[in-house]
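Me: I would like a close look at a single part of this model. Please take one helix and go through its side chains, its surface and its contacts in one connected account.

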Amino acid sequence: MPARRWKPVRIKPKPTEPAEPMWRRLVSRIAMALLGVAMLYGGYRTARVAIDIRRETYERVEDRNLSVRQERRQRKTGTEIFWLATAALIIPGAGLVLFSVAPISVMEQFMSSEE
């Protein structure tokens, strides 16, 4: 009688279960809120720098005794780029913070293109 050959048994590892959907939503919302708050803080700091630059420029111009035309030319502070950066940080940051606390149904309505 010939010897019986056994087939090797392959043990398949159990697939890891995905994280609970609630936890994924919670982590993504927290990350969205943190990113939004960081953008809002960056916008605030940028605005403070623009205000300080403008104040220093105005004080420097007031110290001199200039004509009106020269004073207007000297008062151009170059802070427009700072105000643009402030808007570029605050507007999306506020949206991220808003969407991080809004219910999903509100986000679906906002994202849908149907009217």
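Reply: The model is predicted, and the part chosen here is helix α1, which covers residues 21–63. The account begins with charged side chains, then turns to aromatic and nonpolar ones, and ends with two positions that come close to residues further along the chain.

Two salt bridges are counted. In one of them, the side chains of Asp52 and Arg48 meet with an N to O distance of 3.9 Å. The cut-off for a salt bridge is 4 Å, so the 3.9 Å between Asp52 and Arg48 falls within it. The other joins Arg55 to Asp52, at 3.3 Å from N to O. Asp52 therefore takes part in both pairs, and Arg48, Asp52 and Arg55 are linked in a network of salt bridges.

The spacing along the helix fits this arrangement. Asp52 and Arg48 are four residues apart in helix α1, so about one helical turn separates them. Arg55 and Asp52 are three residues apart in helix α1, which again means a separation of about one helical turn. As for accessibility, the members of the network are neither buried nor exposed under the cut-offs of 20% and 50%. Arg48 is partly exposed at 28% relative accessibility, Asp52 is partly exposed at 30%, and Arg55 is partly exposed at 42%.

The aromatic side chains come next. A search of the whole structure gives one aromatic pair. That pair is Tyr41 and Tyr44, with ring centres 6.4 Å apart and 35° between the planes, and it is tilted. The class follows from the angle: planes under 30 degrees apart would count as stacked and planes over 60 as edge-to-face, so 35° falls in between. Tyr41 and Tyr44 are three residues apart in helix α1 and are thus separated by about one helical turn. On accessibility they fall into separate classes, because the line between partly exposed and exposed is drawn at 50%: Tyr41 is exposed, with a relative accessible area of 53%, whereas Tyr44 is partly exposed at 46%.

There is also a nonpolar patch on the surface, formed by Trp23, Leu26, Ile30 and Leu34. Together these residues have about 430 Å² of accessible area. One of them, Ile30, is found in helix α1 and is partly exposed, with 45% relative accessibility. Patch members need over 30% relative accessible area, so the 45% of Ile30 meets that condition.

Two small residues remain. Gly42 lies in helix α1 and is partly exposed, with a relative accessible area of 22%. Its C-alpha atom is separated by 7.7 Å from that of Thr86, although Gly42 and Thr86 are 44 residues apart along the chain.

Ala50 is also in helix α1, and its relative accessibility is 0%. Buried means under 20%, so Ala50 counts as buried. What does Ala50 touch, leaving out residues up to four places away in sequence? The contacts are with Thr79, Phe82 and Trp83. For Trp83, the C-alpha atoms can also be compared: those of Ala50 and Trp83 are separated by 6.9 Å, with the two positions 33 residues apart along the chain counted as their distance apart.

In brief, helix α1 holds the partly exposed Asp52, which is linked with Arg48 and Arg55 in a salt-bridge network, as well as the tilted pair of Tyr41 and Tyr44 and the buried Ala50.

Note on methods. Residues numbered from 1 in each chain as written. Predicted model: local features only at pLDDT ≥ 70, side-chain atom pairs only at ≥ 80, totals over all residues. Heavy atoms only, no water. Helix = DSSP H or I, 4+ residues; strand = E, 2+ residues; numbered from the N terminus. Buried < 20%, exposed > 50% of the residue type's maximum accessible area, 1.4 Å probe, protein only. Patch = residues over 30% accessible without salt bridge, like charges linked within 9 Å, V, L, I, M, F, W, Y side chains within 5 Å. Areas by Shrake-Rupley, 256 points an atom, 1.4 Å probe, with all protein chains shown as cover. Phe/Tyr/Trp six-rings, centres within 6.5 Å; stacked < 30°, edge-to-face > 60°. Contact = heavy atoms within 4.5 Å.
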